[in-house]
Amino acid sequence: MTSPLTRDQRIAALHAAAKDRILVLDGSWGVMIQRRRLDEADFLGERFIGHPGQMKGNNDILCITRPDVIADLHDQYFAAGADISETNTFSATTIAQEDYHLDAQAVWDINLEGAKLARASADRWTEKEPHKPRFAAGSIGPLNKMLSMSSDVNDPGARSVTFDQVYEAYRHQVKALNEGGVDLYLIETITDTLNCKACIKAIKDLEDEGLQPLPIWISGTITDRSGRTLSGQTAEGFWNSVRHAKPFAIGFNCALGGELMRPFIAELSRVADTLVAAYPNAGLPNAMGQYDEQPHETAHFIEEWARSGLVNIVGGCCGTTPDHIRHVAEEVAEVTPRAIPERPVAMRLSGLEPFELVA
């Protein structure tokens, strides 16, 4: 299927849509895949029969072994009202996929096929509803190894990975997602800002080498009520650390539900001179690790953020379903997107805390 728009046209349409309305991202992939009750054979497919270890649980591999499942989920979220759907590549780096003993070629293929599936679904829905173009975001998730924190409690300087290794892993993923046809990159669920900076450098270096530039959406994670990322930064400190990338959007996702996430989204909304995005979990998990927050409850929190002028992009993370996204899309449909503030010129730095020196 040929895309109804060129990539340049799609990027222009994305920027235009963001000025016109609050954009809606899809919801959780994990919960929807779990509902399919797939077995080991589904994850192995024909290509990985005899592969060592267990593959079940490696949801990203389904881009290769069960593309029908992934295509159907993209379609479900677009049908629910999402403007943007993520590729099913959250853990598709050479570092994360070491847990499943996958080589670099297999990881490349996951990203390439994942991007193609998202692209095809977005194009189908754009042709069906030309007044509402759909977009594919290349999902670049956190690693299971961090650069800012020790891998050994008895050795503060210990690291299980180097910056160069993280950079190369993200570079590999970014190239495949770009080749597969995504419209933007979504560096998401960031727990370690230094890992994120390695990804940003990989993207910028590839652009310098001739890869087509795409919008970058950066989404961190506040891990608890302290209001900090796992590597210790406040919301404003996190923004100061990544604003040099001139991202299309900045925001938070996962970890906290909508009720608890609000003050941190409000802080980003105050300081960020770009779009602000938020896609919370369906509340906090219960004792069994399940999410009890109903679609109308999630939508209620997000509608309040929208009417308070805090957000430009919304969606759902863990525990959210197409029904959650349908409710969210309906609640924000007529709400004006947040106005991007003009901030005074200043030197803005950060460690764990932000520092600002106004001229």
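1. A residue is called buried when its relative accessible area is under 20%, and exposed when that area is over 50%. Arginine 171, at 15% relative accessibility, therefore counts as buried. Please keep in mind while reading that the structure is a predicted model.

2. Arginine 171 has a charged partner, for its side chain forms a salt bridge with glutamate 209, and the closest N and O atoms of the two are 2.6 Å apart. The two residues belong to distant parts of the chain, with arginine 171 in helix H7 and glutamate 209 in the loop between helix H8 (193–208) and strand S5 (216–220), a separation of 38 residues. Glutamate 209 is exposed, with a relative accessible area of 55%, whereas arginine 171 is buried.

3. Side chains of opposite charge can pair when their charged atoms come close. How many salt bridges does the count give? The count comes to 24 salt bridges, and one of these joins arginine 10 to aspartate 183, whose closest N and O atoms are 2.5 Å apart. Because arginine 10 lies in helix H1 (residues 7–20) and aspartate 183 in the loop between helix H7 (163–180) and strand S4 (184–190), this pair ties together parts that are 173 residues apart in sequence.

4. Are the two partners of that pair buried or exposed? Arginine 10 is buried, with a relative accessible area of 6%, and aspartate 183 is buried as well, with a value of 0%. The pair also belongs to a wider arrangement, since Arg10, Arg119, Asp123 and Asp183 are linked in a network of salt bridges.

5. A further salt bridge is the one in which the side chains of lysine 132 and aspartate 83 meet, with 4.0 Å from N to O. Here too distant parts of the chain are linked, as lysine 132 sits in the loop between helix H6 (104–128) and strand S3 (135–140) and aspartate 83 in the loop between helix H5 (67–79) and strand S2 (84–86), 49 residues apart. Lysine 132 is buried, with a relative accessible area of 18%, and aspartate 83, at 1%, counts as buried too.

6. Turning to the strands, S4 is mostly covered, and 7 of its 7 residues are buried. Strand S4 runs parallel to S3, to which 4 bridges join it, and isoleucine 140 stands opposite isoleucine 187 in S4. Between these two strands the chain passes through H7, and this β-α-β crossover from S3 to S4 is right-handed.

7. On going further along the chain, one finds that S4 and S5 run parallel and are joined by 4 bridges, with isoleucine 190 standing opposite glycine 220 in S5. The chain crosses from S4 to S5 through H8, and this β-α-β crossover is right-handed.

8. Aspartate 60, in the loop between helix H3 (40–44) and helix H4 (62–65), deserves a separate look. Which side chain of opposite charge is nearest to aspartate 60? That side chain is arginine 47, which is 14 Å away, and aspartate 60 is buried yet has no salt bridge. The side chain of aspartate 60 does reach the backbone nitrogen of serine 91 at 2.7 Å, and it reaches the backbone nitrogen of alanine 92 at 2.9 Å. Leaving aside neighbours within four places in sequence, the residues in contact with aspartate 60 include Asn88, Thr89, Phe90, Gln97 and Ile110.

Terms used:
Residues are numbered from 1 along each chain as its sequence is written. This is a predicted model: local features need pLDDT of at least 70, side-chain atom pairs count only at pLDDT 80 or more; totals for chains, interfaces and linings use all residues. Side-chain values use heavy atoms; hydrogens and water are left out. Buried means under 20% relative accessible area, exposed over 50%, partly exposed in between (1.4 Å probe, protein chains only). Two strands pair if DSSP finds at least two bridges between them. A crossover is right-handed if, with the strands pointing away from the viewer, the path from the first strand over the helix to the second runs clockwise. Lys and Arg count as positive and Asp and Glu as negative; His and the chain ends are not counted. A polar contact is a pair of N or O atoms within 3.5 Å; within protein, one must be able to donate a hydrogen and the other to accept it, and residues adjacent in sequence count only if both atoms are side-chain atoms. Contact means heavy atoms within 4.5 Å.
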